[in-house]
Amino acid sequence: MREMFRAALAVFRQDLRLALRRRVEVWLAVGFFMIALSLFPLGIGPGGETLSRIGAGVIWVLALLAVLLSLDRIFQADFEDGSLDRLMLAAAPLELLILAKCAAHWLATNLLLVLVSPLAAVFLSQPSEAFWAMPFSLLLGTPILTLLGSIGAALLTGSGRGGILAALLVLPLYIPVLIFGVGAVDAAIFGLAPGTYFLILGAMLLLSLALAPLAAALALRAALE
Amino acid sequence: MLEVVDLAVSRGGRSVFEELGFRLEPGQLLLLEGPNGAGKSTLLRACAGLLVPQTGRISWHGRAIESRTVHYLGHALGLKGELSVREILHFAAALAGGSGRFDDAQRLMDLDAFVDLPVRMLSAGQRQRTALASLMVSYRPVWLLDEPEAGLDIHARRRLSEALAAHQAQGGVAIVATHNQALFNPTTILSFGP
């Protein structure tokens, strides 16, 4: 049991260390998020009723795409350099190691999205309630996106395809997360008891924590054959 | 005792080998020889549990073999260019479980000169030595090595032979696919036909 957690912790720390040494990957998701976001005031016109009405949805959709983009290579690099073989033969089940990889990936690339989201809310002239509701909904939502996305990334590992095809596979799974994520922010803005939405997001997070690593491990084992 | 019975593997609908079987007692070394593409690597991967055979079973002391029993080293070494050799050894030890035998592994593969360098700065032979050492930091009784001598100089090849001999003396078994038979001291040789 102790060896299992030691192995998972080692994977978590190595992935975090690798991400911090590569740096580009850390800034890629948040860079895409902020630049794509800045296009909306330019396209729609700053201020104004429209921007503030659609703002929460835009921020969530862009965060969702940023997570999806950053996930592209979560297993592919390990597959190419043979690290995946090592993970398969580790002292811990592959499912636990995938969970560790997702945790490191979320911390290294997606936590920044959560942190800059109040700024994003200012960009899109959101009411003040969004300044806390937006990061909080993303804090619960982006780990779900990472976990679900890992299934798509695992399915396509070794196939030589990624990117758009992963998006096609995973985006349908993202729909409920998007609905309740945006719902939470909107409810906070209009003072309609956002608690329910946050609880549902939390329930989805727990469910994906339990199930996504199982599915991703299944897909990875198939990819290795 | 490692026992392989009636093993058949096919990939992409094409049979790689069928009705393959052998038995290794503690301390024995099986050498796989044969032309490229004959199925040596496939057999190693099947023994490691990295691919599922169509039929047959692979057992260790009478029970289905577990991933915890084997060390596998293929052509892709599983090293990250950004990490130093020392970091890789510590990671490998934590991942494989058991107590890390860093000094032994470092000495066996003679890593002292570059143990703090990142892997991307190493030569192919030094990488191979790092990968071999990353197996040796933790004890597992079954070694599955796919051309472990690739890129190694004469000195390192001798170290590899010594490491294998020490592993056998401890009661471990090894299966080695190679094109350099003279390097090893096999108990049995399995020849793959063309």
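Start in chain B by selecting strand E2, residues 14-24, and pick out B:Glu19, which lies in that strand. Keep in mind as you look around that this is a predicted model. B:Glu19 isn't a glycine, yet its phi is positive, at about 45°. Most residues other than glycine have a negative phi. Is B:Glu19 buried or exposed? It has 10 C-beta neighbours inside 10 Å, so it counts as exposed.

Next, jump to strand E7 of chain B, residues 142-146. Here 5 of the 5 residues are buried, so the strand is largely enclosed by the rest of the structure. Show the side chains: B:Val142, B:Leu144 and B:Asp146 point one way, while B:Trp143 and B:Leu145 point the other way.

Now bring in the strands that pair with E7(B). Select E6, residues 70-73 of chain B: E6(B) and E7(B) pair in the parallel sense, over 4 bridges. For a spot to zoom in on, try B:Val70, whose bridge partner in E7(B) is B:Val142. Then add E8, residues 173-177 of chain B, which runs parallel to E7(B) and is joined to it by 5 bridges. Which residue of E8(B) is the bridge partner of B:Leu144? That's B:Ile175.

Add helix H5, residues 154-169 of chain B, to the selection: E7(B), H5(B) and E8(B) make a right-handed β-α-β unit.

Last stop: the loop between E7 and H5 of chain B, where you'll find B:Glu147. B:Glu147 is another non-glycine residue with a positive phi, about 45°. With 19 C-beta neighbours inside 10 Å, B:Glu147 counts as partly exposed, because buried would take 20 or more.

Note on methods:
Residues are numbered from 1 along each chain as its sequence is written. Chains are lettered from A and ligands numbered from 1 in the order in which they are written. This is a predicted model: local features need pLDDT of at least 70, side-chain atom pairs count only at pLDDT 80 or more; totals for chains, interfaces and linings use all residues. A residue is buried if 20 or more other C-beta atoms lie within 10 Å of its own, exposed if 12 or fewer, and partly exposed in between; C-beta atoms are placed from the backbone. Helices (H or I, at least four residues) and strands (E, at least two) are DSSP runs, numbered from the N terminus. Two strands pair if DSSP finds at least two bridges between them. A crossover is right-handed if, with the strands pointing away from the viewer, the path from the first strand over the helix to the second runs clockwise.
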